Amino acid sequence: MNKIMVVDNDTMMLEFMTELLVNNGYQVKTATDGLSALETLETYIPDIMFVDLVMPNISGEKLCRSIRRNPRFNGIYIIILSAIAAELAIDFTEFGANACIAKGSFDKISEQVIDLLDSLNIKAEDDKTKKIIGIENVRTRKINKELLSFRKHSEAILNNLSEGILELNQNNKVIYANHFACLITGISEEELLGLYFTELFEDSHKRRVKEKLDLIDKGPQKISEDLPVVLKNKMVSLSILHVKEEDLRSVIIILNDVTERNKAEQALAEQKEFSEKMIENSAVPTFVINSKHEVIIWNKACEELTGIKAAEMIGTNNHWKGFYVHKRPHVADIVVDRTPGSMPDYYGNYKKSAFAEEGLQAEGWFADLGGKKRYIFFDAAPIYSSKCELVGAIETLHDITDRKLFERELKMTTDKLRKNLIGTMQTISLTIETRDPYTAGHQKEVSKLARSIAQEIGLSADTIDNIRMAGAIHDIGKMAVPAEILSKPGKLTDIEMSLIKTHSQSGYNILKDAELPYPIAEITLQHHERMDGSGYPKGLKGDQILLEARIISVADVVEAISSHRPYRPSLGINIALEEIEKNKGLFYDVQVADACLRLFREKGYKMGGGS
């Protein structure tokens with residue numbers, strides 16, 4: 001056992017150990033940290049290694065674990081050379097070391113090192129030396145305990161994050177990996193340590209990752225989820241951050257597995273195609289324009305109504321020709337331009353849509369529409385992107401000629417239109433809730449209960465309808481919360497809970513610029529506020545909170561307690577009502593709470609079906 005490697009970031013200790021061992025006839029190589037040691041092991045396999053515990057890049061403990069996972073290094077006898085191991089009574093055998101010498105005076109270390117080496121040369125070691133040699137000469141220092149405790153605390157936090165965290169050295173080799181990074185890569189931390197980061201990726205993506213790493217001195221770099229890279233058959237996004245500390249340079253990589261998200265986006269694209277086909281084959285004459293007023297859908301029923309083929313319309317802004325002699329805006333154009341004030345200039349009979357926010361309705365006679373005199377009812381509604389940007393409008397047309405003769409038919413058509421638009425709202429609600437399967441239907445039930453409470457209080461029809469719509473989308477901000485947190489079955493960490501609590505503000509941010517005629521954005525923002533100021537996000541009190549938000553707050557709590565959640569089964573409606581009764585006047589508006597309790601206890605209201 002003549003070949004030795006000493007690993008320690010203390011140059012004085014390296015010089016001392018090298019001189020001691022060489023003078024006693026041993027061949028010695030040194031390394032200043034765990035990563036350097038792994039690189040040296042590629043060409044030099046010692047019989048014995050002396051390893052310090054606390055080192056930059058890869059620590060002594062992680063170095064030992066990495067060595068023990070590699071069959072090539074089975075014969076290496078590892079000796080921990082550390083005072084901290086003695087001070088904290090660390091079980092060095094747990095991570096694969098064979099013996100431990102406590103750092104003391106150089107005289108003591110010399111004596112203990114040579115004695116241990118002599119014993120190894122005389123007789124092969126059968127059992128691990130579990131006693132720390134020289135422990136009687138070590139005095140416990142509080143600072144070391146605190147530093148080790150802080151390190152363990154930090155690693156515990158990092159290992160519970162929902163993103164993969166990697167740290168690279170200046171040569172882009174991995175020197176740290178948290179638990180989620182190991183899950184994403186499918187590689188243990190011990191195997192990741194010392195690997196070049198770019199080698200983790202498919203060949204076609206390595207160059208792109210390297211280019212981002214080369215630009216890190218110019219600032220943080222990112223590979224977004226919109227154009228991810230492939231790692232072990234997974235699509236991942238990257239955030240790359242530069243860390244400088246004195247002469248040290250490292251890079252932090254934040255990995256996000258966006259495989260499922262991209263699959264969901266693909267499914268959404270397929271759903272979009274399916275929806276377009278449904279519109280195309282709908283019996284209701286319908287056309288769709290984009291934000292440039294260009295026709296992108298002109299369905300078959302619209303062809304039959306106007307006598308103009310889709311081929312003549314798609315890609316043009318000539319949809320006016322289907323209805324008028326001279327060029328002029330249609331209802332959909334006014335919706336896209338957001339100029340409802342111009343409706344009187346073009347329509348004698350018009351109003352806001354009864355079914356869609358920012359939608360408009362109009363009706364009137366057309367002397368020659370598809371060769372016939374017709375009375376047409378138009379309904380146009382805006383279309384928004386996932387980023388809440390106005391991207392176009394959809395307009396449906398209904399022939400309601402001889403209204404009095406066909407009043408019954410008109411009612412059926414209007415009912416169908418209402419169902420279609422309500423279905424659209426339900427689709428928006430379901431789109432939000434598909435990210436959180438355990439609360440599917442939550443917004444719908446909150447909307448129904450909130451509407452019933454508003455009716456019980458005696459609010460106006462318009463206010464009741466707006467409360468219903470606000471309830472249907474009050475959790476829209478959960479789109480900004482990672483799906484893994486929404487569906488997590490166990491208890492949420494403080495960090496995860498803080499992310500959940502951002503959904504009120506996120507929902508407000510989504511809705512605030514939509515120019516809604518009713519304060520739905522503010523209701524969404526305030527639905528977790530409490531009467532005593534203990535709610536979030538602003539800690540509002542009493543009348544500072546909108547009445548509508550107070551109503552949705554109570555409905556939200558009742559539905560949540562009485563429904564199943566990932567972390568618990570349903571607690572039942574009685575527990576929910578006890579919560580409202582116990583905390584009315586404290587958390588909940590007294591008038592709203594009393595109305596809710598009357599609905600269930602006196603009027604037979606039931607969750608899942610209304611009264």
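**Close-up 1. F366 and F323 form an aromatic pair.** F366 is buried at 7% relative accessibility. Buried means under 20% relative accessible area, exposed means over 50%, and partly exposed lies in between (1.4 Å probe, protein chains only). This is a predicted model, in which local features need pLDDT of at least 70 and side-chain atom pairs count only at pLDDT 80 or more, while totals for chains, interfaces and linings use all residues. Residues are numbered from 1 along each chain as its sequence is written, and side-chain values use heavy atoms, with hydrogens and water left out. The whole structure holds 14 aromatic pairs. Rings of Phe, Tyr and Trp (its six-membered ring) pair if their centres lie within 6.5 Å; planes under 30 degrees apart count as stacked, over 60 as edge-to-face and the rest as tilted. For F323 and F366, the ring centres are 6.2 Å apart and the planes stand at 65°, so this pair is edge-to-face. F323 sits in the loop between helix 12 (310-313) and helix 13 (331-337), and F366 in strand 16 (residues 360-369), so the pair ties together parts 43 residues apart in sequence. Helices (H or I, at least four residues) and strands (E, at least two) are DSSP runs, numbered from the N terminus. F323 is buried too, at 8% relative accessibility. Ring pairs link both residues into a cluster with F287, W298, Y324, Y347 and F378.

**Close-up 2. Charged ends of K3 and K29 sit over the ring of Y44.** For K3, the charged end is 4.9 Å from the ring centre. For K29, that distance is 5.4 Å. A charge sits over a ring if NZ of Lys or CZ of Arg is within 6 Å of the ring centre and within 35 degrees of the ring normal.

**Close-up 3. C100 has no disulfide partner.** Where is the closest cysteine sulfur to that of C100? It belongs to C64, 10.0 Å away, which is too far for a bond. A disulfide is a pair of cysteine sulfur atoms within 2.5 Å. By this rule the count is zero disulfides. C100 is buried, with a relative accessible area of 0%. C388 is partly exposed, at 31%.

**Close-up 4. Helix 16 packs with helix 17.** Helix 16 spans residues 442-457 and helix 17 residues 461-472. Their axes are 7 Å apart, at an angle of about 160°. That makes helix 16 roughly antiparallel to helix 17. Axes are lines fitted to C-alpha atoms, for helices over the stretch in contact, and angles run from 0 to 180 degrees between N-to-C directions. Angles under 35 degrees count as roughly parallel, over 145 as roughly antiparallel, 65 to 115 as roughly perpendicular and the rest as oblique. The crossing of helix 16 and helix 17 is right-handed. A crossing is left-handed if the near helix is turned anticlockwise from the far one by less than a right angle, and right-handed if clockwise.

**Close-up 5. Helix 23 crosses helix 24.** The axes of helix 23 (residues 573-583) and helix 24 (residues 590-601) come within 10 Å and cross at roughly 150°. That makes helix 23 roughly antiparallel to helix 24. Their crossing is left-handed.

**Close-up 6. N233 has a positive phi.** The value is about 65°, although N233 is not a glycine. N233 lies in the loop between strand 10 (229-231) and strand 11. N233 is exposed, at 69% relative accessibility. V236, in strand 11 (residues 234-245), is buried at 0%.
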